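Trainee: I have this model open on my screen and I'd like a close look at one loop. Please take me through it slowly, then walk me outwards to the rest of the chain.

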Amino acid sequence: MPDRRTLLRQTADLAADFLEGVADRPVRASATHDELVAALGGELPARGEAPGEVVADLARAAEPGIVATAGPRFFGFVIGGSLPSAVAADWLASAWDQNGFSFVTSPAASVVEETAARWLLEVFGLPPESTVGFTTGATMATFAGFAAARHRVLQRAGWDVEKDGLIGAPDIAVVVGAEAHATIAASLRLVGLGGERVIVVDADGQGRMRPDALRASLAGLRDRPVIVSAQSGNVNTGAFDPLPEIVAAVRELPNAWLHVDGAFGLWAAASPSLRHLVAGLDGADSWTTDAHKWLNVPYDSGIAIVRDGPAHYGAMGHGAAYYVAAEGAARDSGNLVAESSRRARGFTVYAALRELGRDGLTDLVDRCCALARRMADGLRDAPGVTILNDVVLNQVLVRFAPPDAPDADAATVDAFTRDVIAAVQADGTCWLGGTTWHGMAAMRISVSNWSTTEADADVSVAAIRRCAESVAARRASDATAAVGS
Ligand SMILES: Cc1ncc(COP(=O)(O)O)c(C=O)c1O
């Protein structure tokens, strides 16, 4: 049995081998579910195994089921890679095994979160007095934001929701954009407001909330507690809701709270050339973003920011006789998120921000956006291709019509687009997913990885074009076979 140092060194080698090869292997996983179950399933062993064997065997067996999301040509969902210092800091967080709950359980974790929180507020241009919780992801950050919102709007209406719950409470009106991310409904469910008990505001062709429609929706809500959820960065198009108009409309109500979901779009604030997209951001009350997306820290890592600290603590805080509360300015991080015991997530965020610095962060955001535009431009002139969105950020939506039938009906173009996506996924040069945008099937490209280069973008564009050609050739030969039969 190797000693612990040998085991950790062997593991570091396994990790380094993986990362050194991640750009050269197929991006997709290669094993099926059944193959992985055969390799990783089985009965719980009666007798324990040597740690070195467990880890070596796990690495070997899991490898075919690993998707190269850490690599430079994964463009699916909105998934960043991991900066080297953030991976290393994550390892330390595990080795230290700190409970990030309170100052007493980990003074270092507490102070690192406090520092990272201050840096983040500076990067986003948000009020310095805001409180910041480090969560598992955007969903739980939004949950914290909505919980703080619920606390304050009900308190203003004379109701203590933490004490009395929602039964019999004043009726909160929740207003969301038509293009709100699916997790807004999930978070609303968690705070008891109902995922579908919402007023939906129309969006424009890019998915931006229409301020005139918002005003019309708010018109009848002056007498109610109101929570409005806006979005910075649509998951399909990357578009931003017009915050200056939204803030102005919400501020006319006597008891309203504005939340902004900027799971990846908030990072536009780090770039002087993109900052205009989040103009008005500091007029909101709470904000969601993710670090595991565009900041490129390992999963999982989200960020909940609330201007009204007492509402944030009021909603999420809790106490017990055996807890030891932090004294003075020290922070008990568990009072800002849903979990009590929790991973000390601030370490990775802190490391990534230091590794990048202000300039590096700007460069990361600008580079991903430039690569998204490069990929859109590289695909735009391919036969049958339409770029469906204005590429304002790091997201590109692509639709593929059969080159021999550019005016084919929508169902044919949908099917062709989905076939191209499946062909690209199987090809393995890069990985990207599909979506439906305004009723049309579309390929989604999200450039969010720090290590993606122009060469990666170009080789991926070439692979996508090649796959589209091969799907077109197969379609043509299927049509010929059908005529011949
Ligand atoms: C706008 C937006 N909000 C929320 C989420 C959910 O993020 P998470 O999976 O970190 O909870 C996403 C994920 O892509 C997103 O794009």
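Mentor: Let's start with A291, which sits in the loop between strand 6 and strand 7. Strands here are DSSP runs of E with at least two residues, helices are runs of H or I with at least four, and both are numbered from the N terminus. Before we go on, keep in mind that this is a predicted model: local features need pLDDT of at least 70, side-chain atom pairs count only at pLDDT 80 or more, and totals for chains, interfaces and linings use all residues. Residue numbers run from 1 along each chain, following the sequence as written.

Back to A291. It counts as buried because 30 other C-beta atoms lie within 10 Å. The cut-offs are simple: 20 or more other C-beta atoms within 10 Å of a residue's own makes it buried, 12 or fewer makes it exposed, and anything in between is partly exposed, with C-beta atoms placed from the backbone. As for partners, if you skip neighbours within four places in sequence, A291 is in contact with V297, S301, G302, I303 and V349. Contact means that the two C-beta atoms, placed from the backbone, lie within 7 Å. Of those partners, V349 is 58 residues away along the chain, yet its C-alpha atom is separated from that of A291 by 6.8 Å.

Now look at N296, in the loop between strand 6 and strand 7 as well. Its phi is near 60°, a positive value in a residue other than glycine. N296 is buried too, since 28 other C-beta atoms lie within 10 Å. Further along, a cis peptide bond joins Y299 and D300, with omega at about 0°. D300 lies in the loop between strand 6 (286-290) and strand 7 (302-306), so go by those bounds when you trace the backbone on screen.

For a contrast, jump to H438. This one is in the loop between strand 10 (433-437) and strand 11 (440-446). Like N296, it isn't a glycine but has a positive phi, here about 50°. H438, though, counts as exposed because it has 11 C-beta neighbours inside 10 Å.

Next, the inside of the protein. The largest nonpolar core has 137 residues, and A144, L258, V365 and A372 touch the most other members. A core here is a set of buried Ala, Val, Leu, Ile, Met, Phe, Trp, Tyr and Cys residues joined through C-beta atoms within 7 Å. Helix 12 (residues 346-380) gives this core its largest share, 17 residues. Take A372 as a sample: leaving out residues up to four places away in sequence, it touches V391, N394, Q395, V396, I445 and V447.

You'll also want the ligand. There are 15 residues around it, and G137, A138, T139, H181 and A263 are the closest. A residue counts as near if its C-beta atom, placed from the backbone, lies within 6 Å. By type, that shell holds six nonpolar, seven polar and two charged residues. In this scheme Ala, Val, Leu, Ile, Met, Phe, Trp, Tyr, Cys and Pro are nonpolar, Asp, Glu, Lys and Arg are charged, and the others, Gly among them, are polar.

One more pair of loops. A23 lies between helix 1 (4-21) and helix 2 (33-40), and G71 is in the loop between helix 3 (51-62) and helix 4 (84-96). Beyond neighbours within four places, A23 is in contact with G71 and P72. From the other side, G71 touches V22, A23, V27 and G81. A23 counts as partly exposed because it has 17 C-beta neighbours inside 10 Å, whereas G71 is buried, with 23 other C-beta atoms within 10 Å. A23 and T429 are 406 residues apart in sequence, with their C-alpha atoms 9.4 Å apart.

Finally, zoom out. The protein chain has 14 helices and 11 strands, and 47% of its 485 residues count as buried. Among contacts between residues at least 6 apart in sequence, 74% join residues at least 24 apart. The domain assignment, which is automatic or from a database, gives domain 1 (4-68) and domain 2 (88-353). Their C-alpha centres lie 36 Å apart.
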